[in-house]
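Work through the following exercises with the sequence and the model side by side, and try each task before reading its solution.

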Amino acid sequence: MIRILNVSKQFKKTETQALLDVSLDIDQGEFVYLIGKSGSGKSTLLKQLYGEVKPTKGHIIFDSLIVNKLKSKELPNLRRKVGVVFQEYKLLEYKTVYENIAYVLEVTGVEEELIEERVMEALKTVGLKHKALDYPQDCSGGEQQRVAIARAIVHKPKVLIADEPTGNLDPRTSLLMLRLLHKINKTGTTVIMATHDYSFVNHMPARVIRLENGQVKSDRSKNHTLLILNNTMGEYYVV
């Protein structure tokens, strides 16, 4: 589904080598943790998946699309297949929760009679139907992030990209957010979550790709990760 082939990225202005010869395959329906310290290349790699940044070398292939070859006018076709959640919620303060989510469908030309159904379905998924008519400032940080997730999944994307989505949340709310992302993954949506918090892997194991200085240092399948955790935690570890 997603193929990353020998991708490198160097930013000319700063001469920073953000990625170096990265190659990965991600299948439909996978949950992938993209692990690494700040500056390891996580965000740069994710931005290339939805066409915000182009690689200096290599190719990004999404289904049949060569992402780095797409022209600006072709990017909307890609972004209908990809939902993105950021650390900053990026909600419009002058619009209600409902309107924030509906806006995504309005600008992509979804028929008006379908919009309410899609929006309420997305809000149900994240547990916020009761907040539909509230404004972002009336929601907690965790609720605002859930609104952002609802906005990202309302157009039923094949892939959900979450770039440090728990960075502004307390530990308890972060774990709730993680469970929500896994719930969305169980519907068949591929989820790629960038994080520097390795403890998430212990809570809810999945494939783990670790970046360091722009390179892939390890790539562990879910089964490999479970084996490591079981060896560490023994019979007390329960999936």
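**Exercise 1. The largest nonpolar core**

Task: Find which residues of the largest nonpolar core touch the most other members, and which elements each supply at least two residues of this core.

Solution: In this predicted model, the largest nonpolar core has 40 residues, and those that touch the most other members are Phe31, Tyr33, Ile101, Val119, Ile149, Leu160 and Met193. The next step is to list the elements that each supply at least two residues: these are strand 3, helix 3 (97–107), helix 4 (112–125), helix 5, strand 7 (159–163), helix 6 (171–185), strand 8 (190–195) and helix 7 (199–203). Another core, of 27 residues, lies apart from this one and includes Leu49, Tyr50, Val84 and Ile192. To see the surroundings of one core member, take Met193, which, when residues up to four places away in sequence are not counted, touches Phe31, Val32, Tyr33, Leu34, Ala162, Pro165, Thr166, Leu178, Leu181 and Phe200.

**Exercise 2. Helix 3 and its packing**

Task: Determine which residues of helix 3 are buried, and how helix 3 packs with helix 5.

Solution: Begin with the buried residues of helix 3, which are Val97, Asn100, Ile101, Ala102 and Leu105; what covers them includes helix 4 and helix 5. Two packed helices are described by the angle between their axes and the distance between the axes. For helix 3 and helix 5 the angle is about 25 degrees and the axes are 8 Å apart. Angles under 35 degrees count as roughly parallel, and helix 3 is therefore roughly parallel to helix 5. The crossing of helix 3 with helix 5 is right-handed, and the contact is made by Val97, Asn100, Ile101 and Val104 on the helix 3 side and by Val147, Ala150 and Arg151 on the helix 5 side. After helix 3 comes Gly109, which has a positive phi, near 80 degrees.

**Exercise 3. Helix 5 against helix 6**

Task: Describe how the axes of helix 5 and helix 6 cross, and name the residues that make the contact.

Solution: The axes of helix 5 and helix 6 come within 10 Å and cross at roughly 15 degrees, and these two helices are therefore roughly parallel to each other. Their crossing is right-handed. Helix 5 contributes Gly142, Gln145, Arg146, Ile149 and Ile153 to the contact, while helix 6 contributes Thr173, Met177, Leu180, Leu181 and Ile184.

**Exercise 4. Three single residues**

Task: Place Gly141, Ser40 and Thr44 in their elements or loop, and decide whether each counts as buried, partly exposed or exposed.

Solution: Gly141 belongs to helix 5 (residues 141–153). Because its relative accessibility is 28%, Gly141 counts as partly exposed. Leaving out residues up to four places away in sequence, Gly141 touches Tyr89 and Leu169, and its C-alpha atom is separated by 9.9 Å from that of Thr166, 25 residues apart along the chain.

Ser40 is placed in the loop between strand 3 (31–35) and helix 1 (42–49), and because its relative accessibility is 4%, Ser40 counts as buried. A polar atom of the Ser40 side chain lies 2.8 Å from the backbone oxygen of Lys37. Apart from neighbours within four places in sequence, Ser40 is in contact with Ala18, Leu211, Glu212, Asn213 and Gly214.

Thr44 is in helix 1 and, at 13% relative accessibility, counts as buried. With residues up to four places away in sequence not counted, Thr44 touches Lys9, Phe11, Ala18 and Leu19.

Methods
Residues numbered from 1 in each chain as written. Predicted model: local features only at pLDDT ≥ 70, side-chain atom pairs only at ≥ 80, totals over all residues. Heavy atoms only, no water. Helix = DSSP H or I, 4+ residues; strand = E, 2+ residues; numbered from the N terminus. Buried < 20%, exposed > 50% of the residue type's maximum accessible area, 1.4 Å probe, protein only. Contact = heavy atoms within 4.5 Å. Polar contact = N/O pair within 3.5 Å; in protein donor to acceptor, adjacent residues only side chain to side chain. Core = buried A, V, L, I, M, F, W, Y, C linked by side-chain atoms within 4.5 Å. Axes fitted to C-alpha atoms, helices over the stretch in contact; angles between N-to-C directions. Parallel < 35°, antiparallel > 145°, perpendicular 65-115°, else oblique. Left-handed = near helix turned anticlockwise from the far one by under 90°.
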